[in-house]
Number of protein chains: 2
Amino acid sequence: MQKELLDKIMKPKSIAVVGASTKEHTIGSDIMKRLQEYKFNGKIYPVNPKGGIIEGLQAYTNVNEIPGEVDLAIIVVNAKFVLDTIDQCNQKGIKGLCIITAGFKETGKEGAELEKQLLEKVRSYGMRCVGPNCLGVVNTLPEISMDGCFAESLPERGHIGFVSQSGALGGGILNILKDLNLGFAQFISIGNQADVNAETALEYWENDDDVQQILLYMESIQNPANFRKLASRITKKKPVLALKAGRSAAGASAASSHTGSLAGADKAANALLNQSGVIREYSLKNLFATAKVFANCPIPKGDRVAIITNSGGPGIMATDAVCEYGMQMAKISDATKEKLRSFLPSAASVKNPIDMIASAPIEHYKQTLETVIADENVDMIMVIYLPFLGLKDIDVAKAVMEIKKQYPQKPVIGVFMTKSEFFTALSDMDVNMPFFMYAEEAADGFNRLNQQRLWQNRPEGKIPCYDVDRAKAADIIRQSICEGRAQLTTRESIDVLDAYGIRVCKSGFATNIDEVVTVGNSIGYPVVMKMTSKTTSHKTDVGGVRVNIQSEEQLRAEYNDLIAKLTEKGLIDGLEGVIIQEMVKGNREMVCGIATDPQYGPMMMFGLGGVFIEVMKDVTFRIAPLTDIDAEEMIKSVKAYKLLEGARGTTPAQMGQIQETLLRLSQLVNDFKFIDELDINPLLISEKTGEGIAVDGRIKVRLEEAKSALADCCTCGSATC
Amino acid sequence: MQKELLDKIMKPKSIAVVGASTKEHTIGSDIMKRLQEYKFNGKIYPVNPKGGIIEGLQAYTNVNEIPGEVDLAIIVVNAKFVLDTIDQCNQKGIKGLCIITAGFKETGKEGAELEKQLLEKVRSYGMRCVGPNCLGVVNTLPEISMDGCFAESLPERGHIGFVSQSGALGGGILNILKDLNLGFAQFISIGNQADVNAETALEYWENDDDVQQILLYMESIQNPANFRKLASRITKKKPVLALKAGRSAAGASAASSHTGSLAGADKAANALLNQSGVIREYSLKNLFATAKVFANCPIPKGDRVAIITNSGGPGIMATDAVCEYGMQMAKISDATKEKLRSFLPSAASVKNPIDMIASAPIEHYKQTLETVIADENVDMIMVIYLPFLGLKDIDVAKAVMEIKKQYPQKPVIGVFMTKSEFFTALSDMDVNMPFFMYAEEAADGFNRLNQQRLWQNRPEGKIPCYDVDRAKAADIIRQSICEGRAQLTTRESIDVLDAYGIRVCKSGFATNIDEVVTVGNSIGYPVVMKMTSKTTSHKTDVGGVRVNIQSEEQLRAEYNDLIAKLTEKGLIDGLEGVIIQEMVKGNREMVCGIATDPQYGPMMMFGLGGVFIEVMKDVTFRIAPLTDIDAEEMIKSVKAYKLLEGARGTTPAQMGQIQETLLRLSQLVNDFKFIDELDINPLLISEKTGEGIAVDGRIKVRLEEAKSALADCCTCGSATC
């Protein structure tokens, strides 16, 4: 990550503004102004070929004329001069660049070529670079105090690290930070993210205590695997919230498999964020509301919520919202209730929600909160206030914050249904808890705190490595691609699954009575026998399907009977042989599979299969490879989990075995990265044993990729891991 | 409804405040103050036993001393004096009461008794009464100008009719109306709703042009059937939005049937609001956001949305939100595109979302909106603005509103991601379109407008009346209740369904070969034959179930074979007979039924049945009786509809016949209101014909109710309708 290099950009001691200008309302002028208005704590060197004085400072005609050292060059020159500027920066020994200039990849092919050259230079000079086509960078740490953006407003100080892929949006947000009662520690407008991207920022901020939560606005994720690696680690240390836009554009994938048609890029993004512990928000409004909660609340110890109110209606609405998130309404202890009764009027309710009634004075707010916050059955508290009887909202808020200060370990959120003046007044104060207008917003906040708590307590998980017959699988696939078939036959697909230790429906082919018996005995009874014939397509009509064969003896009899009947009917000539199949009984059909997202790579699917698959869409996705925890969560997250548990008197499924099936599939696609689609449909749950058994399977590979991969290796039979 | 009486309350020419007071911060003082501050356009008579001057007006010791006529008495005296006060009001000829006084039903049994007496007096005197235990009433119409509430803030003028069951909440809302940029036409705090309730208000406002939309905050619905009747009619004329609180309190119903356990009070409320065309909101925030949209937008002609923006990111987020609601992104016509290209810079995008890029001046906002709003492919427009380059937000808003004014028929919503000062400034202006901070809020708004459009275009629907054998059904039920059985047997249940013309699985009982043949022939082949025996419970083990019997001949053979086998095994003595059943083939199992909600009455259910019913919960509810449109919508609203349509090569279901099944059930429960639960599970979809066939059924009645109902009538065999 080269922290030292990134420090040059985010914590510079000196900045050159290349393209600084005296012309009003230009970026070159605005950047100079913001740097000075925000009182950058270091040297600022304007650079302009005309020299002169810019914003009261001596301008240099070239970075190489600057007398002192330069950490960061903010570049706003025309796109055609950018490459030369980078060369000059290199001569000067500048390692940090922030290229605001637009006219690169975003404009088309020529711009993309220019950006490629830009990146090559940056790499070869050992520099790091933010942009191009961005708004700039911000660090509000007092010893840095850098506003290197050309937005209208100066940043507010706070502890959010914010990355925006949209410069305009970043500017819009800087404008409203104060109204939102939020502040940034650092802000990086990554623009075209030629070099520095969201992943760079995540890693850079991982151990920076000034950045207490990270917010991402993304339209794409550059390297999903790397993002996952970093984010899963960092989310354990601090909340990471993401707004991923472009959901609808993804649209339905045109892939032919079930797994594929149910997937689609947004499902992939969703799976990735979910697996990485990133809290996904779907609107800016919610993104900021959640940020406000994390900025002012500790992570709670549990999910038990107490509600304190002076008005019944909002108390009921708050209860609804808390319950709908699956959190618990705290059971107030008897001791707490007794204490509450000692000072609240008799008309008050001391059960949760605690209704102090409209006449509650400030003293009741203080005493009630103090009493409830000390209750061990309570993890989070919502304090609702509606203005009555001349009580001043801001006084109530101050009283509540005073109590809250003594209990830093429990989240408290205020719901003050009052005039906007109250919220304006708050934005000028130092608050120790978030305040919202509506109860539902507070419930949203508790839900996010609880989500972060659950994630932080979630075990890391391991990607297991099973002993599999990789060479055999490779051979089967090679056979198919040698014949130019991207799509393996059912037989081949099943055999590949079998080679990877996935429980498949056992079967074999036989052409005479001895083979029939051998196959039958090796499978174990009961079995099903099906004829295969070149001339008779309606097998059942001629008695060609025999089910529930219980023994070798019965198998012999059925086979002989079949031969006799076919002979009798003159159909014996077409007979190729019979398929002997394990007889699996069960009416629970699941599905699992792999789909490949062009951007996110292989994705695992699991859910309800059979006729319901497309209708109910009760399926879930995760990016491969899976950890054991991922696999477990996949199984538990579908509604059909209840069926697996053994609803309505069915045999409980072997959860561990199904989990292993998913993990083995994950290993398979990790070993053969050219597998494009894989479906096991159905994965039948045996009524007898509860095993998940692959009754049907199909595998499709990317032909060219498979050819080169299998040419390189894999005949060797080398171990997977 | 007695409009004239309600006019006395909501449009009074004179008001007596009984319990007016000179003591600060009392309700008796505050009401007097508000009436005067808001400049009530009529006479105000303070009434207080001590007389004197109150708020500058001569107080009377009793309403009967008041010299002029009095339309409305606002009563704030202690609860124990309320009944006497009502007597006095009657002597004075006052017909309108607003009883603010608390201490009635909400306090327990004694209070409830007092409220009962209060209501008796009100009824016997021919009065109408708002309250008790309420905040008061408001009418902002300039010729009335009444603020009869004791809230902190005066109301804002607007065209919303608002009913609140929570007085505190009503007060809270009055406080923030200005910030919300909303205004009330009338407000009724219904309190304990002893007399006037939400239904009264709905009907009263139905033809009041000053009330252009109706907002309801409800914790309960007093008379669901009446509410439905009124709301379904009024929602066709103006939007009705409801926030129904107490969802979670409802909890899971303890009912024993499938239908019952999936129901629950909130599902009933949801069904009722849905069927009545009421727009349900789940948070106050959304309630007001939607109200702001209806206050400033016409109902659109379609669902095609165009987005105009000066910033890509928010444009993408807006597109996501629009698509997720299932609305369409408008296809901008070529002519429009060409026109846009003529003045927008080349870097701009003229495809929807139309990105004018960050440099867009006010002139581009005007020209672009003017061009796009005239496009026939566009029904609604979102205009997004992020502040750049010193453009003033309020100037942009004014320019946009200027264009909007010329196209009153198309909804336009502004998304201005800017400082709160902008919104504060707006709240002092006369706006002709709503403005929000975030794109998602605008998309929410379009969705609500579209929902109202769809509802207004929805056919009324009819409750059909089928020719059924009501007398036979009554006889069957009577038989059961005579034996003290609330739960009918399967046989009886199926027979009741059959009497109502519901397609049931045909079957009959036979004890000898002649009966067997008769029954078999009457059902038609193929049939299934099942033995019933008192001694042999495992029918299949002894060959007691014979399926797919194709003819009379085969039926004879199978029966004789069964008798022979049982005789042989010595099991013939226990044999009671055989059930001959129509053989229905099909693997699509639906469910339909009836559950009774204690408050909302009988509710119809329809959805996916079989083993999936509890797991997938793919079911929908409607309050009975159903209209044909209700039944059609029920069928179409479940995910399993795709199965019915014939997914994966199955026979398409007979939708009309299934719809009729629901309507006949609805008629059944309407005829026999004491039916508590009814389940048809499964309603099997025949693979052969696509019919829905009731294979199993169970009916449970409320015994006492059924006894008295069936004693009164129904032996008569009278027609249903």
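1. The contact between the chains comes first. In this predicted model, 54 residues of chain A are in contact with 54 residues of chain B. Two residues count as in contact if their C-beta atoms, placed from the backbone, lie within 7 Å.

2. Several helices of chain A each give at least two residues to the side that touches chain B, among them H5 (167-180), H11 (284-296), H12 (312-324) and H17 (439-457). H12(A) supplies the largest share, nine residues. Helices here are DSSP runs (H or I, at least four residues), numbered from the N terminus.

3. By class, this side of chain A holds 23 nonpolar, 16 polar and 15 charged residues. Ala, Val, Leu, Ile, Met, Phe, Trp, Tyr, Cys and Pro count as nonpolar, Asp, Glu, Lys and Arg as charged, and the others, Gly among them, as polar.

4. Now the symmetry. A turn of 180 degrees and a shift of 0.1 Å along the axis lay chain A on chain B with an RMSD of 0.2 Å. The two copies are thus related as by a two-fold rotation axis. In chain A, Met616(A) has the C-alpha nearest the axis, 4.1 Å from it. The superposition is by least squares on C-alpha atoms of residues with pLDDT of at least 70 in both copies.

5. The copies meet through the same surface, because 100% of the interface residues of chain A are also interface residues in chain B.

6. On numbering, residues count from 1 along each chain as its sequence is written, and chains are lettered from A in the order in which they are written. Local features need pLDDT of at least 70, while totals for chains, interfaces and linings use all residues.

Note on methods:
Predicted model: local features only at pLDDT ≥ 70, side-chain atom pairs only at ≥ 80, totals over all residues.
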